[in-house]
Amino acid sequence: MSHTTAAVIGGGIIGLAVARELHHALPDADITVFEKEAGVATQQTGHNSGVVHAGLYYEPGSLKARLCRRGVELLAEYADRHDVRYEACGKLVVAQNQGELERLHAIHARAVANGVPDVRMIGPAEIKEIEPHARGIAALHSPHTAIVDYPGIARALASDVEAAGGQVKLGHEVKAVHERSAEAVVVTEHGEERFDLVITCAGLQSDRLARSSGDASAPAIVPFFGDYFLLRRETAELVKGLIYPVPDPRYPFLGVHLTRRIDGTVVLGPNAFLSLAREGYQRGTISLPDLREAVGSLAFWRFAARNIPAAFRESKSVLSTRSFVEQARTYVPEISLADVRRGPRGIRAQAMHADGSLADDFVITGTSRVLHIRNAPSPGATSSLAIAEHIVREALNRKNPQIAES
Ligand SMILES: Cc1cc2nc3c(=O)[nH]c(=O)nc-3n(C[C@H](O)[C@H](O)[C@H](O)COP(=O)(O)OP(=O)(O)OC[C@H]3O[C@@H](n4cnc5c(N)ncnc54)[C@H](O)[C@@H]3O)c2cc1C
C-alpha cells in the first residue's frame with residue numbers, strides 16, 4: 001500500500017505546526033514543507049509582538065476564541081518541553097475614562113465566557129502594584145497572559161518535522177498549486193511535485209496561492225504594516241509586563257500598546273497602516289503589483305471610506321514619532337521622546353471580504369485535497385498548535401480517498 005504524501009506551503013509557525021500535526025495523525029505519511037525564504041519564521045512569525053494571548057476579546061464560540069484557549073494550553077506545554085523561553089508576565093487592559101470602563105466590563109464578561117483563568121477588574125491602587133508607572137482609572141488584569149520566543153517555537157517545530165522523517169525545503173517558492181482529480185500538483189522553479197494532500201499556510205501570499213488552485217478570489221490579503229519603537233535599556237523598567245488600551249470599536253486595529261518581550265526589551269506599538277509592499281519590511285519599499293492589487297479593488301475603497309477616522313489616527317503615528325510616543329504616554333506618562341528609538345516593522349496578512357469588511361475570525365477554505373489558511377491574524381501565533389489540530393482534523397474529515405488508504 002502506498003503512503004500518503006502531503007505538502008505544506010509556508011514555513012511560518014502555522015505551516016510548521018500543521019506539518020508536525022500531520023505526522024501525528026498520519027505517522028506513515030511523507031510530509032514536505034515548502035518555504036520560499038532561506039530560513040523558517042522570517043515573516044509574520046518573526047516580526048510580531050511575541051505575546052501569548054489569553055483569549056480576552058474574541059467572540060465566544062468563534063474559531064479565534066476556541067483555538068486561542070486551546071493554543072495557549074498546547075503552546076505553554078510545548079515551550080516547556082522544548083526549552084523555549086516562555087514567561088507569564090501578565091497583562092493589564094487599562095481604562096482611562098468612564099466610556100472605556102464600560103467597554104472593559106464587557107471584555108471582562110467575554111474573557112470569563114471564553115474560560116480565561118483568573119481575570120479580574122482592579123482599581124488604580126492595584127494597577128500601581130502590578131505596573132508602578134502605569135496610570136488609569138481601572139484595569140482588567142490577566143495574570144497568565146505570557147510572552148514567548150515564537151521563532152524559537154518555529155525552529156523546534158521544524159526540528160520535530162525533520163526528526164519524524166519529513167523534509168523542510170527552504171528556498172523553494174511555490175508558484176502555484178493545481179488540483180487534479182486524484183492529486184494536487186505543487187509547482188516550483190525546481191519543477192512539479194505531486195501530493196495526495198496540500199495545505200497552504202502562506203501568510204501574506206495566502207490568497208494568491210488559494211486562487212492558483214481554483215479557490216475563490218475573496219477574501220483577499222491586504223497588508224497592513226505595524227511599526228514598533230523600542231524603549232532604551234535604561235528606561236525599559238518602566239514596563240514590567242503588557243500594558244494595553246481598551247479596544248475602540250471605531251478603529252479596526254488596537255492602537256499603540258506597551259509590550260515586554262522575552263529578550264527583556266520593551267516595544268511600543270504596533271500602529272497599523274496600508275503597506276506599499278506585502279513584504280516591505282524596510283521603510284520606503286514599494287511593490288507596484290502589490291499596491292495595484294490592494295488599491296485596485298473596490299473592497300479596499302469601501303474599507304477606506306468607512307475608516308477615515310482610523311486612517312487619520314494611524315497616519316499621525318506613522319508620520320510623527322512624537323504622536324506615536326504620545327499614544328504610549330497615555331498609559332505610562334514618564335516615557336519621553338528621548339527614551340525611544342525605532343524598532344522593527346511587522347506586516348499583517350489581513351484578509352478583506354469583497355464588501356470591504358476585514359475578516360475577523362480565522363478563515364480556512366478549500367477541498368478534500370487542497371486546503372488553505374486564508375486569514376490567521378493575531379492571535380494566530382498563540383493559536384498555531386490548535387489551528388494545526390483543527391485543520392488536520394478538517395482534512396481527514398473531508399474523506400480524501402488517498403488519505404483513507406494509507
Ligand atoms: C505586527 C504583528 C504583531 C503580531 N503580534 C502577535 C502576538 O503578539 N501574538 C500572536 O499570537 N500573534 C501575533 N501576530 C499574528 C501572528 O504573527 C500570525 O498569526 C502568525 O505568525 C501567522 O503564522 P503563519 O505561519 O501563518 O504566517 P507567516 O509567519 O507569515 O508564515 C508564512 C510563510 O509562508 C511563506 N510563503 C509565502 N508564500 C510562499 C510561497 N509561494 N512558497 C513558499 N513559501 C511561501 C513565507 O515566506 C512565510 O515564511 C502578529 C502579527 C503581526 C504582523
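**Notes on a predicted model**

1. Glutamate 279 is partly exposed, because its relative accessibility is 27%, and a residue counts as partly exposed between 20% and 50%. Keep in mind while reading that this is a predicted model. Glutamate 279 makes a salt bridge with lysine 36, and the closest N and O atoms there are 2.8 Å apart. The two come from distant parts of the chain: glutamate 279 is in the loop between S18 and H7, while lysine 36 is in the loop between strand S2 (30-34) and S3, 243 residues away. Lysine 36 is also partly exposed, at 28% relative accessibility.

2. How many salt bridges are there? The count comes to 31. One of a more local kind joins the side chains of glutamate 73 and arginine 70, at 3.0 Å from N to O. These two are about one helical turn apart, because they sit three residues from each other in helix H2 (residues 63-81). Arginine 70 is partly exposed, with a relative accessible area of 32%.

3. Now have a look at helices H6 and H7. Glutamate 293 and arginine 211 form a salt bridge, their closest N and O atoms being 3.1 Å apart. Glutamate 293 belongs to helix H7 and arginine 211 to helix H6 (residues 206-212), so the pair ties together parts that are 82 residues apart in sequence. The pair belongs to one network, in which salt bridges with shared partners join Asp207, Arg208, Arg211, Arg278, Asp290 and Glu293. Glutamate 293 is partly exposed at 32% relative accessible area, and arginine 211 is partly exposed at 32%.

4. Back to the loop of point 1, this time for a nonpolar feature. Leu276, Ile286 and Leu288 make up a nonpolar patch on the surface, with about 280 Å² of accessible area together. Leucine 276 is in the loop between strand S18 (273-274) and helix H7 (288-295). Leucine 276 is partly exposed, as its relative accessible area is 36%.

5. Helix H5 (residues 150-163) is worth a stop. Its 14 residues reach 20 Å from first C-alpha to last, close to the 20 Å expected at 1.5 Å a residue. Which residues of H5 are buried? They are Tyr150, Gly152, Ile153, Ala154, Ala156, Leu157, Ala158 and Val161. At the N-terminal end, aspartate 149 acts as the cap of H5, with a side-chain oxygen 2.9 Å from the backbone nitrogen of glycine 152. After H5 comes glycine 165, with a positive phi near 100 degrees.

6. On to the strands. S3, S8 and S4 form an open sheet in the order S3-S8-S4, with antiparallel pairing. Strand S3 (51-52) and strand S4 (86-87) are at the edges with a single partner strand each, so one side of each has no neighbour in the sheet. S3 pairs with strand S8 (residues 146-148) over two bridges, and valine 51 faces isoleucine 147 in S8.

7. There is also a hairpin, which joins S10 to S11 through four residues. Strand S10 (residues 174-179) and strand S11 (residues 184-188) are antiparallel and pair over five bridges. Here alanine 176 is opposite valine 187 in S11.

8. Last, a loop residue: is valine 119 buried or exposed? Valine 119 is buried, because its relative accessible area is 11%, and buried means under 20%. Its loop runs between helix H3 (98-113) and strand S6 (120-122). Valine 119 and serine 336 are 217 residues apart in sequence and, C-alpha to C-alpha, 31 Å apart in space.

Definitions and conventions
Residues are numbered from 1 along each chain as its sequence is written. This is a predicted model: local features need pLDDT of at least 70, side-chain atom pairs count only at pLDDT 80 or more; totals for chains, interfaces and linings use all residues. Side-chain values use heavy atoms; hydrogens and water are left out. The expected span of a helix is 1.5 Å times one less than its number of residues. Buried means under 20% relative accessible area, exposed over 50%, partly exposed in between (1.4 Å probe, protein chains only). A polar contact is a pair of N or O atoms within 3.5 Å; within protein, one must be able to donate a hydrogen and the other to accept it, and residues adjacent in sequence count only if both atoms are side-chain atoms. Patches are made of residues with over 30% relative accessible area and no salt bridge: like charges are joined within 9 Å, nonpolar side chains (Val, Leu, Ile, Met, Phe, Trp, Tyr) within 5 Å. Accessible areas come from the Shrake-Rupley method with a 1.4 Å probe; for residues, only the protein chains shown count as cover. A salt bridge is a side-chain nitrogen of Lys or Arg within 4 Å of a carboxyl oxygen of Asp or Glu. Two strands pair if DSSP finds at least two bridges between them.
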